[in-house]
Amino acid sequence: MARKRLITAINEALVEELERDPKLIVFGEDVELAIMGDTRGLVERFGRDRIRNSPICEQTLTGMAVGLASAGYRVVLHLMFNNFIYTGMDAIGNQMAKLRLMTGGQMELPITVVAGYGGGNSNAAQHSDTAYSVLMNLGGIQVAVPTNSADAKGLFKTAVRGATPTFFLEAAGRGGEMGEVPDGEHLVPFGRATVAREGTDVTVVAIGRMLKPTLRAAKALAGDGISAEVIDPRTLVPFDEETVLASVARTGRLVVVDEARDRCSAASQIAAVVADRGFDSLRARVRRVTVPDVALPYASNAEAALIPGPERIAEAVRSVTEKQFA
């Protein structure tokens, strides 16, 4: 094991996969300048034939990704910000998500789209969305939301080697966080959640950037005698329903923490799955802790009021356990 920044782990994954597969191409917005840090040093090492800046036109970029992949290349497309998914949506929704079905499985599209998501950095409304629920609804697209360095590297390598278009979403402001990464070859399978903290009284599913404040809340709740089991799904498509259902069967309670807006969020989908498949296990209503149905503002204090933090998460957990611990 070695301790590495999350963004460094992604960069290492890119280097290793570029060395492994000469048909892998990386392009997108400012990949040479590497504003996010994940593409740092790639152009110097692999040249502009494989690492290429592109115009700021997401509709063109997503179409290029489909074209290159269908021509036999393996593609990493960097969109910088999650919101730019909207401006490239035609090729995403009508081609990436559907061409494998429409060609009877003859066409594979090994595309990994990278984008930062979420608020907390005063990037304003057009750069702070958490849009994975839009992608989840399309069908035919995988969605990964890593929370630590090891998962970031392992999930990225799995995404790049796969044949299914995948959106690899980086949590805003988390790139500098340190974490242990296994030495040597490291891949993380999609559709397999991990238990970040074991508990007995309530299951808390924390998506992406919400894992850290959820773990802080769980630590505070432990002081009140409430034992929270915290689950990190790691991927939303495919989603590990069985791990969540098994946890709810033990605890009888569910809270889902999601930085997306509440309506049609990933939290709503997870709550629906548990209500459908695990209703008999529930001893309290399911609670969702999400962002209200508004755009995130620029002001940092206004952002903080909207994005779930440890206090809101702890309050939701207490609300489903209060009878037991009153």
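Let's start with what is hidden: of the 326 residues in this chain, 53% are buried, where buried means under 20% relative accessible area, exposed means over 50%, and partly exposed lies in between (1.4 Å probe, protein chains only). Keep in mind that this is a predicted model, in which local features need pLDDT of at least 70 and side-chain atom pairs count only at pLDDT 80 or more, while totals for chains, interfaces and linings use all residues. Residues are numbered from 1 along each chain as its sequence is written, and side-chain values use heavy atoms, with hydrogens and water left out.

Now for the overall build. You'll find 13 helices and 14 strands in the chain; these are DSSP runs, numbered from the N terminus, with at least four residues for a helix (H or I) and at least two for a strand (E). The radius of gyration is 20 Å, close to the 20 Å from the globule rule for 326 residues, so the chain is as compact as a globular protein of that length. That radius is taken over C-alpha atoms, and the rule is 2.2 Å times the number of residues to the power 0.38.

How do distant parts of the sequence meet? Among contacts between residues at least 6 apart in sequence, 83% join residues at least 24 apart, a contact being heavy atoms within 4.5 Å.

Leu-254 gives you a close-up. This residue sits in strand E13, which covers residues 254–261, and Leu-254 is buried, with a relative accessible area of 0%. Its C-alpha atom is 5.2 Å from that of Val-286, although the two are 32 residues apart along the chain. Beyond its neighbours within four places in sequence, Leu-254 has contacts that include Val-202, Ile-270, Leu-282 and Val-286.

Next, follow E13 into the loop between that strand and helix H11 (266–277), where Asp-262 sits. The side chain of Asp-262 makes a polar contact of 2.9 Å with the side chain of Arg-288 and another of 2.7 Å with that of Thr-290. A polar contact is a pair of N or O atoms within 3.5 Å; within protein, one must be able to donate a hydrogen and the other to accept it, and residues adjacent in sequence count only if both atoms are side-chain atoms.

Finally, look at Asp-129, in the loop between strand E5 (111–117) and helix H7 (132–136). Asp-129 is buried too, at a relative accessible area of 6%. Its side chain makes a polar contact of 3.0 Å with the side chain of Arg-261. Not counting residues up to four places away in sequence, Asp-129 also touches others, among them Asn-82, Tyr-86 and Tyr-117.
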